[in-house]
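Let's take a walk through this one together. Have the viewer open and follow along.

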Amino acid sequence: MALCKDHFNEWFLQHTASTIKKFRMVNEGDRILAAVSGGKDSLGLWDALTRLGYAVEGLSIQLGIDAGSQYSTLSMEFTRKFALARGLILHELHILQEYNETVPEMFVRSHPGDNKPCSTCGLVKRHELNRYAHENGFNVLATGHNLDDEAAVLFSNNLTWNTDQLGRQFPVMEERGKFARRVKPFVQFYERETTAYALLNGIEYIEDECPFSSGSRTNHYKSILNELENDQPGLKYQYFQSFIERKKTGLLKISESQLYEEKFCKQCGQPTSSADLCAFCRLVKPQN
Ligand code: SF4
Ligand code: ZN
């Protein structure tokens, strides 16, 4: 589409609003917390939701990924600047202060010899976002995942037929126990569209990627899908959309065994697939 700035913004906000409505992401009285990393998608999401009239507060997690890059420090700076300029409420959570270790340190201790901390990092982010939302009265957690992110996850789960993950993948995951409802209002936008929104609206964001993202499997799948998309424009949208539509209408039924087993961690109370402690509580050092 060739649109001027005003018409692009109009289209973008309308499309965001219709995604929220279509998947019933937000109800009246909900308290929404946006997970913000300082990147274009999460800051763009916070901006768009605010413009649509939602009172959204942000949460930034300082992971401590700073060695050689200052990635976490810069991410926090961009986020603070964004919130300050718009008078928005930003919450900050510093993993080092909470657990006496940064995420890379937790990873090195728990996975000696490995060099990619992404699974540890993902676990910490998921757990801490939920914990913070629950402890502070937010029942909706909004993230900036876009179509490119979701298509890459779907591709990865397809390759291994990971039915639990496929069962979980959806633009909205309902609240349960101490889990806030998770919503992804940008899930129908290509990354180039969320980038255009950020650029057109003067959103300053961290352009550097996390130093651990280079050579990641997700990036590899994204480039494969981009090649396919170049040959067949619209394919990525079609691929993800038809998966979601089939799930929505019940045509595609996938085991959600782990997700809906009602087990809760004995220490933190968050839902878990294990019988005793959740993976996060097993990861962190005992606190005094
Ligand atoms: Fe964490 Fe990996 Fe993402 Fe870096 S690339 S922020 S380590 S999940
Ligand atoms: Zn736990």
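At 1.5 Å a residue, what should the 14 residues of α7 span, and how far apart are its end C-alpha atoms? The expected span is 20 Å, and the end C-alpha atoms are 20 Å apart, which agrees. Keep in mind as you look around that this is a predicted model.

Stay with α7 for a moment. Its buried residues are L147, D148, D149, E150, A151, A152, L154, F155 and N157. They pack against α2, α8 (163-168), α9, α10 and α11. Pick out L154, which lies in helix α7. At a relative accessible area of 1%, L154 is buried, because buried means under 20%. Setting aside residues up to four places away in sequence, L154 touches L166, Q169, Y239, F240 and F243. For a sense of scale, try D41: L154 and D41 are 113 residues apart in sequence, and 19 Å apart in space, C-alpha to C-alpha.

Just past that helix, look for W161, in the loop between α7 and α8. W161 is not a glycine, yet it has a positive phi of about 45 degrees. It is also exposed, with a relative accessible area of 62%.

Next, the core. In soluble globular proteins, nonpolar side chains tend to be buried together. Here the largest nonpolar core has 38 residues, and F12, W46, Y197, F240 and F243 touch the most other members. The elements that each supply at least two residues of this core are α1 (5-22), β1 (32-35), α2 (40-51), α3 (71-86), β4 (140-142), α7 (147-160), α9 (191-200) and α11 (235-248). The largest share, 5 residues, comes from α2. Take W46 as a place to zoom in: not counting residues up to four places away in sequence, W46 touches A34, V36, V56, E57, G58, F82, A83, L88, I89 and L90. Apart from this core lies another one, of 30 residues, among them L63, A133, C210 and V284.

Now swing round to α1. Its 18 residues should span 26 Å at 1.5 Å a residue, and its end C-alpha atoms are 25 Å apart, which agrees. Buried in α1 are F8, N9, F12, L13, H15, T16, T19 and I20. Look down the helix axis and these buried residues fall within an arc of 160 degrees, so they line one face of α1. On the other side of the helix, D6, Q14 and K21 are exposed. What covers the buried residues of α1 includes α2 and α9.

After α1 comes R24, found in the loop between α1 and β1. R24 is another residue to check on your Ramachandran plot: it has a positive phi of about 45 degrees although it is not a glycine. R24 is exposed, with a relative accessible area of 66%.

On to α10 (residues 217-231). This helix has 15 residues and reaches 22 Å from its first C-alpha to its last, close to the 21 Å expected at 1.5 Å a residue. Which of its residues are buried? They are Y221, K222, L225 and E229. Seen down the axis of α10, the buried residues fall within an arc of 105 degrees, so they line one face of the helix. They pack against α7, α9 and α11. The face turned away from this buried side carries the exposed residues E227, N230 and D231.

The loop between α9 and α10 holds Y205. Is Y205 buried or exposed? At 13% relative accessibility, Y205 counts as buried. Leaving aside neighbours within four places in sequence, Y205 is in contact with G38, G39, K40, L43, F78, T195, A198 and L199. C281, by comparison, is 76 residues from Y205 in sequence and 32 Å from it in space, C-alpha to C-alpha.

Last stop, the ligand. Which residues surround ligand 1? They are I65, C118, C121, K125, C210, F212 and S213. Sorted by class, this shell has 5 nonpolar, 1 polar and 1 charged residues. You have already met C210, among the residues of the 30-residue core.

Key:
Residues are numbered from 1 along each chain as its sequence is written. Chains are lettered from A and ligands numbered from 1 in the order in which they are written. This is a predicted model: local features need pLDDT of at least 70, side-chain atom pairs count only at pLDDT 80 or more; totals for chains, interfaces and linings use all residues. Side-chain values use heavy atoms; hydrogens and water are left out. A residue is near a molecule or strand if one of its heavy atoms lies within 4 Å of it. Ala, Val, Leu, Ile, Met, Phe, Trp, Tyr, Cys and Pro count as nonpolar, Asp, Glu, Lys and Arg as charged, and the others, Gly among them, as polar. A nonpolar core is a set of buried Ala, Val, Leu, Ile, Met, Phe, Trp, Tyr and Cys residues joined through side-chain atoms within 4.5 Å. Buried means under 20% relative accessible area, exposed over 50%, partly exposed in between (1.4 Å probe, protein chains only). Helices (H or I, at least four residues) and strands (E, at least two) are DSSP runs, numbered from the N terminus. Contact means heavy atoms within 4.5 Å. The expected span of a helix is 1.5 Å times one less than its number of residues. The arc is that of the directions from the helix axis to the C-beta atoms.
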